[in-house]
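Let's take a walk through this one together, stopping at a few spots along the chain. Keep the viewer open as you read.

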Amino acid sequence: MAKSIMDTERQFHIRTLPEEVGRYVILAGDPGRIPVIAEHFENARQVAQNREFNVWTGTLDGEKITACSTGIGGPSAAIAVEELIKCGADTFIRVGTSGGMDLKVYGGDLCIAQAAVRSEGTSREYIPIEYPAVADFDVTCALAEAAKALSEDKNGHRYHVGVVHCKDSFYGEVEPDSVPVSRMLNENWDMYLRSGCLTSEMECAAIFSVAAARHVRAGGVIGAIWNVERSKDGLEDNVNEDVSRGIACAVNAMRILIKKDKG
């Protein structure tokens, strides 16, 4: 039988070997964010880099842990999670950024994703459209506990737990009136707002759906850079691109999960 191009020792896209990946994985879109996350690990080193996938592995509280970038959007995030699972990973936390939706969310706030609106395409190739993209309960609880410890009751420093909106087109969110399907986008956005969506991002629905299909754990902490709706209404807001609190939340949540898994 002819050998497939997929029959390689290293994973086809992320270029890792099983021994180079930990059970626990922190995911981020930006490849440049991965070394920053890895600074929280012990003995961290880069094990692979290909395309948008930058992979570092070290240890955390005695357990092997990996940080991997996914690029922007669901398709590449799904690829990363699939191949990390093939290498033995079973617990994922996405740490990302977003534009706030609910008026209670200010720039700088953390949003723990309980579930994600599947307003994108990747998740439809994993689970039926009627099935929700839901985060793992234990991962969500760990993230909420970690976020609470890092938060205070003032604008830009709070945390929220709820549903996030996930889409494929960034400009479909920020410039919907510039495209032919503007009416559909605006109507859908209004429905999600009225349903209580906290913030809008691009990867959680795909990650949660792959996790459901492959029977692994996943969750997400998403920092709001600003609030789209507060800006539209001319309300007070913050613009905050600092991802350090979100990273700390993800790392501390992994510590909670590691301790719980050890019993």
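What follows is a tour of helix packing, strand pairing and a handful of individual residues. Keep in mind that this is a predicted model.

Start with a pair of helices. Helix α2 covers residues 74–86 and helix α6 covers residues 204–214; the two pack at an angle of about 35°, and their axes are 9 Å apart. The crossing of α2 past α6 is right-handed. Which residues in α2 and α6 meet? On the α2 side they are G74, A77, A78, V81, E82 and I85, and on the α6 side A206, I207, V210 and R214. Sorted by class, this contact between α2 and α6 has seven nonpolar residues, one polar and two charged. The polar one is G74, because glycine is counted among the polar residues here.

Step off the end of α6 and you get to H215, which sits in the loop between α6 and β10. Its phi is worth a look. Most residues other than glycine have a negative phi. H215 is not a glycine, yet has a positive phi of about 60°. Is H215 buried or exposed? With a relative accessible area of 73%, H215 is exposed, because the cut-off for that label is over 50%.

There is another residue of this kind to visit. R51 also has a positive phi, near 50°, and is a residue other than glycine. R51 lies in the loop between β2 (42–50) and β3 (53–60). Its relative accessibility is 68%, so R51 counts as exposed.

Back to the strand that follows H215's loop. β10 spans residues 217–227 and is mostly covered, with ten of its eleven residues buried. Which strands pair with β10? One of them is β5 (residues 91–100), which runs parallel to β10 and is joined to it by ten bridges. To find the register in your viewer, look for F92, which stands opposite A218 in β10. Another is β6 (residues 110–119), which pairs with β10 in the antiparallel sense over three bridges. There, C111 has I222 in β10 as its bridge partner.

From β6, move over to strand β8 (residues 159–167), where G162 is found. Apart from neighbours within four places in sequence, G162 is in contact with I112, A113, Q114, A115 and L198. G162 counts as buried because its relative accessibility is 8%, and buried means under 20%. For a sense of distance, compare G162 with A80: they are 82 residues apart along the chain, and their C-alpha atoms are separated by 25 Å.

K260 makes a contrasting stop, in helix α8 (residues 244–262). K260 is exposed, since its relative accessible area is 52% and the label starts over 50%. How many Å separate the C-alpha atoms of K260 and I72? The answer is 31 Å, for two residues that are 188 apart along the chain.

Last, the rings. A pair of aromatic rings is described by the distance of the centres and the angle of the planes. This structure holds one aromatic pair. F170 and Y171 make it up, with 5.1 Å centre to centre and 90° between the planes, which is edge-to-face. F170 is partly exposed at a relative accessible area of 38%, whereas Y171 is exposed at 51%. The labels differ because exposed means over 50%, and partly exposed covers what lies between that and 20%.

Definitions and conventions. Residues are numbered from 1 along each chain as its sequence is written. This is a predicted model: local features need pLDDT of at least 70, side-chain atom pairs count only at pLDDT 80 or more; totals for chains, interfaces and linings use all residues. Side-chain values use heavy atoms; hydrogens and water are left out. Axes are lines fitted to C-alpha atoms, for helices over the stretch in contact, and angles run from 0 to 180 degrees between N-to-C directions. Helices (H or I, at least four residues) and strands (E, at least two) are DSSP runs, numbered from the N terminus. A crossing is left-handed if the near helix is turned anticlockwise from the far one by less than a right angle, and right-handed if clockwise. Contact means heavy atoms within 4.5 Å. Buried means under 20% relative accessible area, exposed over 50%, partly exposed in between (1.4 Å probe, protein chains only). Two strands pair if DSSP finds at least two bridges between them. Rings of Phe, Tyr and Trp (its six-membered ring) pair if their centres lie within 6.5 Å; planes under 30 degrees apart count as stacked, over 60 as edge-to-face and the rest as tilted.
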